Amino acid sequence: KSFMGFSSVCAFPLLANLCEKIKYVLRNKLPFEDFDGDKFSTFPTLRGYHWRGRDCNDKNTTVYPGRRPANWDAKSDSNCNGIWGVDPKDGIPYEEKFCKGANSKGVVLLGDSAGAHFHIPPEWMTVTQMSAKSFANLPMAFSDELDWPQFSEITGFLNSTIGGWTDSLYLRLRKRNRCNHRDLQNISQNGGSSGNLLSLIKSLARNQVLDNPAIVIYATIGNDVCNGERDTLAHMTTPKEMLSNVVQALRYLDSRLPNGSHVILTGLVDGRFLWDNLHDRYHPLGQLNKDVTYSQLYSFLDCLQVSPCSGWLTPNETLRNLTSERALQLSNVLKEIARSEKFANFDIFYMDFPLRQTAEEWHKMGGEPWQLIEPVDGFHPSQIAAALGTGITWQKALQEWPQVLGKENPFNEQIEAIFKDQGGY
């Protein structure tokens, strides 16, 4: 928001074009570097392949992750999954041999800052850890909007460097079927809610005729009740507004997703967990002198009217309870939509946000509840929470929605062998 109004810098002739391009990225959530305009990139940040599967030919608009293979990719890789060419032993294209009938599908997240995986490294604010080395990842972090989608619980694909480990729905789908390689899209933004997601969703890259079906996770877990307003209750999304916003988004998806897709609606989180587990602990800013608690930080942010959630990050227990009550009402709207609404190109499922199960799982492993929360902002799920949440979501899908995940590809080992022969990918 501040950058968009930073006209003094952008007035310089040499920076004018760059500023306009970065504004375009921030406004439309599309890759900064995308030479063929297919919404996929070979550049990592600025909405590049940290957010969407890496393009393998950025000069050809018909080549991108998630496409059904053109002529079984006998001559080139049209869907960027690394499988192409013809087996010299029998003349059958590898893509046809290994992926035909495998029910390949991509994974798409429509979400908020939790889904984008907002993270400010604690070493940036902990005096005893500060050094030139601790700020080495600052340029990358800022060019990804302080988000780390490459480690997230839905689209993560790199080994985490921000605490914990990476486990994601994408990685598990890819392991189940190697033909799904690179078919991921993280369409999330900091501050995402059911209202502003209606514009964000237009950056979805999916062709109903040419592309594979997709599993779409709709997860705006907090911002419909979270705001920094003085009268926070008056600015929360109402159940009626939630119904309208989500149904509009689903209708748009029905006009874009290939037949056979699936949509999973995720309920809102119960944010009372935050105050209950953090309020009397020391924030990284106060760890040296034991002089800044999360309670004090929350009050300071609230005073400045920049609190990420006035309704939960407050000593007012009544307000915390009322915020959770509204969150439950909105979750029930999502649950009813999944039960009653029908669409032509996908089926709908609902799941509660698995915070309680995640905390129980972490407790079994000897962990403490506060470790499931980002230490700097005291608000978002940490890397540990993201990884544990993936396992819980996966188990629920295996048990209740096996048709969503598709069957395991029996040729995975052979695909891996081909990749190794070609030097990996």
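**Briefing: A Parallel Sheet and Its Surrounding Helices**

Within the sheet of this predicted model, residue G106 has A214 of strand β3 as its bridge partner. That pair belongs to a set of six bridges that join strand β1 (residues 106-111) to strand β3 (residues 214-219), and the two strands run parallel. The points below begin with the chain as a whole, then turn to the sheet and to two of the helices.

**The chain as a whole**

- The chain contains 15 helices and five strands. Its radius of gyration is 22 Å, close to the 22 Å that the globule rule gives for 425 residues, so the chain is as compact as a globular protein of that length.
- Taken along the principal axes, the box filled by the C-alpha atoms is roughly 70 × 55 × 45 Å.
- Buried residues make up 55% of the 425 residues in the chain.
- Consider the contacts between residues at least 6 apart in sequence: 65% of them join residues at least 24 apart.

**The sheet**

- The five strands form an open sheet in the order β2-β1-β3-β4-β5, and their pairing is parallel. At the edges lie β2 (184-188) and β5 (346-351), each of which pairs on one side only. From one strand to the next, the twist averages 15°.
- As general background, strands of a sheet pair through backbone hydrogen bonds, either parallel or antiparallel.
- Strands β1 and β2 pair in the parallel sense over five bridges. In this pairing, L109 has N186 of β2 as its bridge partner.
- Strand β4 (residues 261-266) is joined to β5 by six bridges, and these two strands run parallel. Here T266 stands opposite M351 in β5.

**Burial of the edge strands**

- Five of the five residues of β2 are buried, which leaves this strand mostly covered. Both of its faces are covered: L184, N186 and S188 are buried on one side, and Q185 and I187 are buried on the other.
- The strand β5 is largely enclosed by the rest of the structure, because five of its six residues are buried.

**Helix α6, against the sheet**

- To return to the pairing of β1 with β3, six bridges join these strands. Helix α6 (residues 169-176) packs on the sheet and touches β1, β2 and β3. The direction of α6 makes about 170° with that of β1.
- Residues L169, Y170, L173, R174 and R176 are the buried residues of α6. Seen down the helix axis, these buried residues fall within an arc of 160°, so they line one face of α6.
- In general, an α-helix has 3.6 residues a turn, so residues three or four places apart point the same way.

**Helix α2, with a buried and an exposed side**

- Helix α2 (residues 13-28) is made up of 16 residues. From its first C-alpha to its last it reaches 23 Å, close to the 22 Å expected at 1.5 Å a residue.
- In α2, the buried residues are C19, I22, K23 and V25. Because they cover an arc of only 155° around the axis, they lie on the same side of α2.
- On the other side of α2, residues P13, N17 and R27 are exposed.
- Just after α2, residue K29 takes a positive phi of about 55°.

How values were computed:
Residues numbered from 1 in each chain as written. Predicted model: local features only at pLDDT ≥ 70, side-chain atom pairs only at ≥ 80, totals over all residues. Heavy atoms only, no water. Pairing = 2+ DSSP bridges. Helix = DSSP H or I, 4+ residues; strand = E, 2+ residues; numbered from the N terminus. Axes fitted to C-alpha atoms, helices over the stretch in contact; angles between N-to-C directions. Contact = heavy atoms within 4.5 Å. Buried < 20%, exposed > 50% of the residue type's maximum accessible area, 1.4 Å probe, protein only. Expected span 1.5 Å × (residues − 1). Arc of directions from axis to C-beta. Rg over C-alpha atoms; globule rule 2.2 N^0.38 Å.
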